[in-house]
Amino acid sequence: MATRIKILTVSLLAFSFTYWAGFAYLGTMLETPAYYLASLIFEKTTSPEELIKKYENGNIKILIVPGHDKENYGAQYRGVTESSLNAELGVQLFEYFRKDPKFTVFLTNKSTGEYNGWILDYVKSQDTAINAFKEKTKAIFKNAVKIGAIKQETKILHNPATDNASKILYGVNKWANDNDIDMVLHLHFNDYPGRKYDMPGKYKGFAIYIPDDQLPNHQASLEIARSIRKEIKKIQTESNFSKEKDIIIEDQQLIAVGANASRDGVSILIEYGYIYEPEFYDKEIRPYALRDAAIATYQGVKNFFEQKPVRN
Ligand SMILES: [Zn+2]
């Protein structure tokens with residue numbers, strides 16, 4: 001009997017708490033509906049402080065995604081494909097993280113550019129779940145825009161990913177979310193679409209794309225990107241393309257960085273340079289240029305976790 005009364009009191013207390021919390025909730029919502037709804041829908045999923053704590057207490061999980069694959073190879077210059085550069089760089093970067101006990105690292109592509117079996121199997125076996133994930137995130141985001149909780153931003157126009165590429169990228173995001181991957185690094189080389197065939201274009205240098213400040217994984221991605229920028233700057237010039245003048249560019253549309261709030265953890269896409277830049281094109285210099293790029297990226301990430309100050 002006594003127990004029953006106790007349960008009743010507790011549930012009454014719980015009820016009144018919910019009741020008043022409900023009012024407080026309504027009040028906040030009425031004050032600033034857009035802000036409140038945005039934070040309700042896209043609650044921050046990761047923070048720099050949490051990540052550093054996690055690193056101090058153990059281990060950070062990283063997924064490396066060299067862009068494109070052997071068939072859909074991205075940019076191309078005089079027979080050198082972007083996917084081959086991305087893949088070679090990916091393998092080197094993988095090795096630096098693999099040797100560091102503070103990181104557990106995964107890699108989607110082989111050194112030859114093909115996807116590794118595990119990611120292909122995942123995308124194939126989880127086809128329905130990945131489609132559902134894609135449609136769900138899109139619908140929630142669309143609704144958030146409709147009610148004014150999110151402002152749609154289109155700063156840089158990207159070539160839309162093909163259906164297959166889009167499926168792999170949503171698959172990567174879902175896999176990374178489901179496996180608590182703290183950081184996904186997408187590796188790419190840029191191209192200037194206006195250049196003449198087999199002739200270098202007018203732009204050069206690197207840029208880093210991160211989720212925009214309305215996406216839940218923005219802040220930690222930004223701080224790690226700053227740290228990576230500082231290191232890459234030592235080996236490569238910054239992009240001279242006017243639309244990339246910020247060097248660290250906030251983006252809402254790239255699936256890779258978590259468009260439609262499809263990524264919980266950090267996601268960063270690095271364009272290491274333009275594919276026709278001599279150090280990447282020249283067969284003799286290329287291995288060193290890619291090695292330097294791998295070291296700079298690893299060091300940038302490491303410095304963030306070791307909390308080395310960044311000044312750009
Ligand atoms: Zn690319």
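Start with the open sheet of this predicted model: 6 strands in the order β4-β1-β5-β8-β6-β7, with mixed pairing. Select β4 (103-107) and β7 (248-251) to see the edges, where each strand pairs on one side only. Ignoring direction, neighbouring strands of the sheet are turned by 25° against each other on average. Strands of a sheet pair through backbone hydrogen bonds, either parallel or antiparallel, and the next selections show both senses.

**Inside the sheet: β8 and its neighbours**

Select β8, residues 266-274. How many of the residues of β8 are buried? The count is 9 of the 9, so β8 is largely enclosed by the rest of the structure.

Now add β5, residues 183-190. β5 and β8 run parallel and share 7 bridges. One pair to label is H188 with its bridge partner E271 in β8. Keep E271 selected and turn to β6, residues 207-211. β6 is joined to β8 by 3 bridges, and these two strands are antiparallel. Here A207 stands opposite E271. E271 therefore serves as a marker for both pairings, being the bridge partner of H188 and standing opposite A207.

**Out to the edge: β6 and β7**

Stay on β6 and add β7. The two strands are parallel and joined by 4 bridges. Label I210 and E250: the latter, in β7, is the bridge partner of the former.

Next, show helix α8, residues 218-232. The helix packs on the sheet and touches β5, β6, β7 and β8. Its direction makes about 165° with that of β6.

**Two loop residues with positive phi**

Most residues other than glycine have a negative phi. Two residues to select next depart from that pattern.

Go to D198, in the loop between β5 and β6. D198 is not a glycine, yet its phi is positive, about 65°. Is D198 buried or exposed? D198 counts as exposed because it has 10 C-beta neighbours inside 10 Å, where 12 or fewer is the cut-off.

Then go to N260, in the loop between β7 and β8. N260 also has a positive phi, about 60°, without being a glycine. Its surroundings contain 24 C-beta neighbours inside 10 Å, so N260 counts as buried; the cut-off for that class is 20 or more.

**The α6 and α7 pair**

Leave the sheet and select helix α6, residues 127-146, together with helix α7, residues 163-178. The two helices pack with their axes 9 Å apart, at an angle of about 90°. α6 and α7 are therefore roughly perpendicular to each other.

Show side chains at the contact. On the α6 side are I130, F133 and K134; on the α7 side they meet K167, Y170, G171 and K174. By class, the residues of this contact divide into 3 nonpolar, 1 polar and 3 charged.

Each helix also holds an exposed residue to select:

- K136 lies in α6. K136 is exposed because 12 other C-beta atoms lie within 10 Å. To see what is across from K136 in space, add S262: the two C-alpha atoms are 9.3 Å apart, although the residues are 126 apart in sequence.
- N164 lies in α7. N164 is exposed too, with 12 other C-beta atoms within 10 Å. Add N72, which is 92 residues away along the chain; the C-alpha atoms of N164 and N72 are separated by 9.7 Å.

**The whole chain**

Finally, zoom out and select everything. The chain contains 10 helices and 8 strands. Of its 312 residues, 41% are buried. Among the contacts with a separation of 6 or more, 78% are between residues 24 or more positions apart.

Colour by pLDDT as a last step. What is the mean pLDDT of the chain? The mean is 87, and 86% of the residues reach 70 or more. Then select residues 1-32, where pLDDT stays under 50. For this stretch the model has 2 contacts beyond four places in sequence.

Key: Residues numbered from 1 in each chain as written. Predicted model: local features only at pLDDT ≥ 70, side-chain atom pairs only at ≥ 80, totals over all residues. Axes fitted to C-alpha atoms, helices over the stretch in contact; angles between N-to-C directions. Parallel < 35°, antiparallel > 145°, perpendicular 65-115°, else oblique. Contact = placed C-beta atoms within 7 Å. Nonpolar A, V, L, I, M, F, W, Y, C, P; charged D, E, K, R; others polar. pLDDT = per-residue confidence, 0-100. Pairing = 2+ DSSP bridges.
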